[in-house]
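I opened this entry to keep track of what I looked up, element by element. The notes are in the order I made them.

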Amino acid sequence: MEKFSVVFYPDDITVSVDKDATVLSACVSAGIAINAACGGDGVCGRCKIRVKKGKVYAHASGNLTFEEREQGIFLACLTEIQSNVEIEIPPESRLSLERVSRKDLQISVDDIYTKSEDIDSGPVVSPAQAYRHVPLATKIYLELPQPNLDDRISDLERIYRAIRAHNDLRIVQTGLANIRRLGELLRSADWRITVTLGNRNGTTEIVLIEPGDTAARNYGICFDIGTTTLSAQLVDLNAQKILGTKATYNKQINFGSDVITRIIHAHSQEGLAQLHAAVTDELNRLVLELIQGHAVDLNDVTCVVCAGNTTMIHLLLQVDPTYIRRDPYVPTANFVPVIRAHEAGLKINPRGLLSCIPGVASYVGGDITAGVLSCGLDKQEDVCLLIDIGTNGEVVLGNKDFLISAAASAGPAFEGSGMQAGMRAAKGAIQKVRIDPKTFAVTCDVIGGGLACGICGSGYIDILAQLLKLGIADKSGKLQAKECGRVRKGDLGWEFVIMDQQASGRSGGIVITEADIENIKRAKAAIYAACSSLLKHMGFDFSSIKKFFIAGGFGTYLDVPNAISLGLLPDMELKRFIFVGNSSLAGARSVLLSGQAALAAEDIARKITYLELSVQSDYMDEYMAALFFPHTDIAKFPSVAYTHR
């Protein structure tokens, strides 16, 4: 096969690829994260690149204007390399893989009870403090008595006896590799050893035997494996202390922004291997950065706990997720046994353990189980609701007596995907906007400062709320007030100009289009309808909800009054809304630190009933009623008032 070189600018990275390879695949080989939200189907139009030099063959696309084609602009996924080429990737086509701000990950679940202390719901015990400290892996230092004629039990039984003197444990297994090296190890260590005990599927296993005393050095890592974001924490298992937090974006994005696209890509063995490698490579990089930043030896990292939606866990374990999306929507496994981390490609101590938080159904995974655990939703006296707003908006309703969940396919609009100027909440994203009601001048807050490259989900909520309030957009989402000077006709219809090309870092400027507004309207309708349908199914309404927990990264930046004005959230007292940050990561940390929490997570997953909204006759009625700002029944939103033009 003939090969050609591809030079990417401004990165100045060169890779060698086969003839007819797409520019998108070359980007993947070069380690360049390009925005291919549709997974390379040529549908989203986000992966625009400029060919500076060389010959390519570009398939036709309706996402490019004539002027763009004249300027050498093509879609990376539809452009095949025919010679040595030089390619420029503009900022708006890139995915920023800079680390997510540490403060966004440090919201403690303990704090939610402090923030909500004015809610009259009685005393609440923080769930983080409710479980006994017995980590997934525990180290014990032993000084064994040497064998003699009066004490001739075997080396392995000698270790068992010493462990039982410390803990009332029934040791049922250890690996053959440990037994093979045991005789020499004990004698060379002068019978002074450290054993690592793993809590593995209801049994206690001797995971590792080391010479000397290493009991003080025992660490674990918890992960939240999100469709968009990967988050990790390094935890001192002895001190129950978080040593460091890291986050980045899930490079599976190169194969599609949503789980359905990735499931389709994973149908072949090659595709499944690509998606598995994309996530494990990033997780291992986070592990390396965490241990290097805190002077921890990788061999002292003895266990890992992962929380993620059902598809993400399948891809992590390289398990075929095909049947998750096929009727009757059955995953291969919701409860995965504790395994060796190396079996999933995670690089910690070679004998270290990996536990995955159990899921509930195909579209309600272990991340939601972990969220319920961390919020203590299953211990509440009052009826509460947990919502994780994302591409697949999951909702859990309940208290100590019952838990019921549902999932709504909201689409990736709230993560900035599928929008004309959309991007994720990374450097260069507009997250907050102010529009002067008299002059219509626009002021923006940009994450990380500098030039704006696009708009993130919370920025869209902020912009649209003001357009509605000022009457620039009507309740159906159509742009009005053409006289304001910022509403113009674009390639895709009417649009409101946030920044022109000169003021932004984006070709053509930054705009919100009527098509963007329609995407937001459908996404918010899906999430609101999921909540209202779930409540109605159980005989409740929004007035019944004592606490409304909002989880996930999107919730970190969300302006609740603006979200209410759009009809994304119900019109309730603001004190009832409680931001819980990354509740998935917090739940995974609880399981890392406590076998009791691990059992509680299993109980939660078994306790949650899953309601399939697609077969509920009233869900579509609720959805259609919510396709309006804020709602067709304005009586549901008494606090919302828009300007009428």
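What follows is my running notes on helices, strands, cavities, cores and two single residues.

**Entry 1: status of the model**

I am working with a predicted model, not an experimental one. I kept that in mind for every entry below.

**Entry 2: helix α10**

I started with helix α10, residues 366-375. How many of its residues are buried? I found 10 of the 10, so the helix is largely enclosed by the rest of the structure. The buried residues are G366, D367, I368, T369, A370, G371, V372, L373, S374 and C375. D367 is on that list, and I noted it as a charged residue by class. Then I looked at what comes next in the chain. G376 follows α10, and its phi is positive, near 70 degrees.

**Entry 3: cavities**

I turned to the enclosed empty space. The count is 4 cavities of 30 Å³ or more. I picked the second largest, with a volume of about 60 Å³. Which residues line this cavity? I listed G308, T310, I313, H314, A333, N334, V336, I357, P358, G359, G365 and G366. G366 also appears among the buried residues of α10. Helix α9, residues 310-316, gives the most to the lining, with 3 residues. I then sorted the lining by class. It has 5 nonpolar, 7 polar and no charged residues.

**Entry 4: strands β18, β19 and β20**

Next I took strand β19, residues 392-398. Here 6 of the 7 residues are buried, so β19 is largely enclosed by the rest of the structure. I checked its partners. Strand β18, residues 384-388, runs antiparallel to β19, and 5 bridges join them. D388 stands opposite E394 in β19. The connection is a hairpin through 3 residues.

On to strand β20, residues 403-409. β19 pairs with β20 in the antiparallel sense over 7 bridges. I noted N392 opposite S409 in β20. A hairpin through 4 residues joins β19 to β20.

**Entry 5: strands β8, β10 and β11**

I moved to strand β10, residues 192-200. Buried or exposed, for the most part? The strand is mostly covered, with 7 of its 9 residues buried. Strand β8, residues 137-143, is antiparallel to β10, and 7 bridges join the pair. In that pairing T138 stands opposite L197 in β10.

β10 also pairs with strand β11, residues 203-211, through 8 bridges, again antiparallel. T194 has E210 in β11 as its bridge partner. β10 and β11 form a hairpin with 2 residues between them. I looked at the turn: N201 has a positive phi of about 55 degrees.

**Entry 6: nonpolar cores**

I asked which residues touch the most other members of the largest nonpolar core. They are I430, F496, I498, F548 and L569, in a core of 77 residues. Helix α12, residues 514-537, supplies the largest share of this core, 12 residues. A second, separate core has 45 residues, including C303, V305, I324 and V591.

I followed up on F496. Leaving out residues up to four places away in sequence, F496 touches I435, V442, L467, I472, L479, C484, R486, V487, I510, V511 and I512.

**Entry 7: Y219**

I found Y219 in strand β12, residues 219-225. Why does Y219 count as buried? Its relative accessibility is 13%, and the cut-off for buried is under 20%. Beyond four places in sequence, Y219 touches L234, V235, D236, L237, L243, V296, D300, V301, T302 and C303. C303 is also one of the residues of the second core. I then checked a long-range pair. Y219 and L592 are 373 residues apart in sequence and 9.8 Å apart in space, C-alpha to C-alpha.

**Entry 8: I604**

My last lookup was I604, in helix α16, residues 595-607. I604 is buried, at 2% relative accessible area. With neighbours within four places left aside, I604 is in contact with T369, V372, L373, D378 and L403. T369, V372 and L373 belong to α10. I604 and V360 are 244 residues apart in sequence, and their C-alpha atoms are 8.9 Å apart in space.

Definitions and conventions:
Residues are numbered from 1 along each chain as its sequence is written. This is a predicted model: local features need pLDDT of at least 70, side-chain atom pairs count only at pLDDT 80 or more; totals for chains, interfaces and linings use all residues. Side-chain values use heavy atoms; hydrogens and water are left out. Buried means under 20% relative accessible area, exposed over 50%, partly exposed in between (1.4 Å probe, protein chains only). On a 1 Å grid over the protein atoms alone, a cavity is a set of points where a 1.4 Å probe fits but cannot get out, and a pocket is an open set with protein on both sides within 12 Å along at least five of seven lines; lining residues have an atom within 4 Å of a point. Grid points are joined across faces, edges and corners, and a volume is the space filled by probe spheres set on the points. Two strands pair if DSSP finds at least two bridges between them. A nonpolar core is a set of buried Ala, Val, Leu, Ile, Met, Phe, Trp, Tyr and Cys residues joined through side-chain atoms within 4.5 Å. Contact means heavy atoms within 4.5 Å.
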